[in-house]
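Here are my notes on the model, as promised. Have it open beside you while you read.

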Amino acid sequence: MAIREAFGPGEGTLSFAGSGSERPAGSIDQPKPLSELPRLARDTTSESPWPVSVLSQKYHDAVARWPGAWVEGQIVEINTRRAGSAYLTVRDNFEDISISVMGFRAFATKARDFHQGDRVVIHGKPDLWTKQTRLSFMADDIRRVGTGDLKEQIEQLRRQLKGEGLFDADNKIALPEFPERIGLICAPQARAEGDVITNARLRWPTIEFSVVHAHVQGPQCPPEVVAAIERLDADPAVDVIIVARGGGSFEDLLGFSDEAVVRATAACKTPIVSAIGHEDDWTLIDLAADLRASTPTDAAKRVVPDLIEQEGMVEEARLRIGARIQALVENETRLIEGYANRPSLTQPLTMLDKPQRFVDDAQVRLDISLRRIVDDASLTVEKLQSSLTALSPQSTLNRGYAVVQTADGAVASDATAIADGAEIKITLKRGALEATKTTTVEPGN
């Protein structure tokens, strides 16, 4: 209605105060005064057009007369980083239609309490930015719709599944180091499919793919993704599965936070990689997957090894092995040369020098020891001989004494014990006498 009023009666053309006058086509030296421009839109011609600024201003004036309104939708983007201002993209709850919303001061303060995915009602007025003739919704109030918004529902489901252990690290399966076939789940003719296949084959040219197409948004997304996961998981030729989708709004990615999809992902026996949206996008399948990639391209790079890198690692290992073998050979060669240059091999008789010196030294020590033993024994014998000589009867005889023996050879020590007329033997210093006892002489007579 406001547009019709702005364009005026009749043909719905814009009206403008002032008399119409012709303007030469292509004249851009100086803008015409407003009074010289056509008053109505139907009065404009190719020779006398309205400047864009005039048309934009007319739009602005028309929109400014529109009344304020309350609108309902879901926040798909929100930016409150700059103090005193807030910028939102609000999407219809059922249709794929969105609107840009901005607000300042009090509205920006309220908007800081909201997040992506919240369902809200917003009050404001349409506004047109004349510099780019861009229509937006200038908001002054925002309120949350109920308590069961989608983001809260997803958070409740996350807590429930986490409590069941579906996101535990113990359930994660390591990706194969050198996969031969990748199972890829994506939308038909999706850019994500080309990104994954192209980047994977650039890194590992021999890799093969089993591609299963499925809806990646909308009500058909969860059952088709679950069926695709189960199909690829049952294929023994598939070594790893990638679930890929390009970027999108929060609502576009809701299918990958569906409970059935998350449970199918957690139950998958084949390692599964989630590559949903961009790096900042998160869905519940990312928590259940064995690996979360920031983008489909990142998934391709993380699932397969880099051929050039692997060749470099092989070459580096080969060089290290060659260097180790060379060092081992050189070390053993030095040992052999050392052994070969030893005097024991160049002059084998030198091997006897040390034992010979040992024998010679032992002989000298043995000779000295034996001489010492003999000397000690000789000295002992001399001492014993001297003692024996001093104690022998001969020594007594040498001093002038004599030994008297009876006929049976017994030494006589008592004169009375020998009968008179008995034969006796008297031993002197030199020689002996045989005599006959005649009388016994008493001591002192």
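The points below go through helix packing, a few loop residues and one long-range pair.

1. A caveat before anything else: this is a predicted model. Please read the angles, contacts and accessibilities below in that light.

2. I'd start with α7, residues 259-267. Which of its residues are buried? They are Val261, Val262, Ala264 and Thr265. Looking down the axis of α7, these buried residues fall within an arc of 165°, so they line one face of the helix. The cover over them includes α4, α6 (221-233), β9 (272-276) and α8 (284-288). Two of those neighbours, α4 and α6, get their own points next.

3. Take α6 against α7. Their axes are 9 Å apart and the packing angle is about 10°, which makes α6 roughly parallel to α7. On the α6 side the contact uses Pro222, Val225, Val226, Ile229 and Asp233, and on the α7 side Ala260, Val261, Ala264, Thr265 and Ala267. Sorted by class, that comes to eight nonpolar residues, one polar and one charged. Val261, Ala264 and Thr265 are worth picking out, as they belong to this contact and also to the buried set of α7. For anyone checking the spacing along the helices, remember that an α-helix has 3.6 residues a turn, so residues three or four places apart point the same way.

4. Now α4 (residues 150-163) against α7: here the axes come within 11 Å and cross at roughly 30°. The cut-off for roughly parallel is an angle under 35 degrees, and α4 and α7 are therefore roughly parallel to each other. The crossing is right-handed. Leu157, Gln160 and Leu161 of α4 meet Glu259, Val262 and Arg263 of α7. The class count for this contact is three nonpolar, one polar and two charged residues. Val262, one of the buried residues of α7, takes part here.

5. Ser257 deserves a look alongside that packing. It sits in the loop between β8 (240-245) and α7. Is Ser257 buried or exposed? With a relative accessible area of 7%, Ser257 is buried. Leaving aside residues up to four places away in sequence, Ser257 touches Ile154, Leu157, Val262, Thr283 and Leu284. Leu157 and Val262 have already come up in the contact of α4 with α7.

6. Follow that list to Thr283, which lies in the loop between β9 and α8. Thr283 counts as buried, at 5% relative accessibility. What does Thr283 touch, not counting residues up to four places away in sequence? The answer is Leu253, Phe256, Ser257 and Ile276. So that you can find the pair quickly in the viewer: Ser257 and Thr283 are both loop residues, and they touch each other.

7. A separate helix pair is α5 (residues 191-203) with α9 (residues 296-303). The axes come within 8 Å and cross at roughly 30°, and α5 and α9 are therefore roughly parallel to each other. α5 passes α9 in a right-handed crossing. From α5 the contact draws on Ala192, Asp195, Val196, Asn199, Ala200 and Arg203, and from α9 on Pro296, Thr297, Ala300 and Lys301. By class there are five nonpolar, two polar and three charged residues in the contact of α5 with α9.

8. Two backbone flags for you to check. Arg105, in the loop between β3 (98-104) and α3 (106-111), has phi near 50°, a positive value in a residue other than glycine. Arg105 is exposed, with a relative accessible area of 67%. Thr133 has a positive phi as well, about 50°, and is not a glycine either. You'll find Thr133 in the loop between β4 (119-129) and β5 (134-144), where it is partly exposed at a relative accessible area of 32%.

9. Last, a long-range pair. How far apart in space are Gly409 and Ser48? C-alpha to C-alpha they are 187 Å apart, with their positions 361 residues apart in sequence. Gly409 is in the loop between β11 (403-406) and β12 (423-427), and it is partly exposed, with a relative accessible area of 39%.

Conventions:
Residues numbered from 1 in each chain as written. Predicted model: local features only at pLDDT ≥ 70, side-chain atom pairs only at ≥ 80, totals over all residues. Heavy atoms only, no water. Axes fitted to C-alpha atoms, helices over the stretch in contact; angles between N-to-C directions. Helix = DSSP H or I, 4+ residues; strand = E, 2+ residues; numbered from the N terminus. Parallel < 35°, antiparallel > 145°, perpendicular 65-115°, else oblique. Left-handed = near helix turned anticlockwise from the far one by under 90°. Contact = heavy atoms within 4.5 Å. Nonpolar A, V, L, I, M, F, W, Y, C, P; charged D, E, K, R; others polar. Buried < 20%, exposed > 50% of the residue type's maximum accessible area, 1.4 Å probe, protein only. Arc of directions from axis to C-beta.
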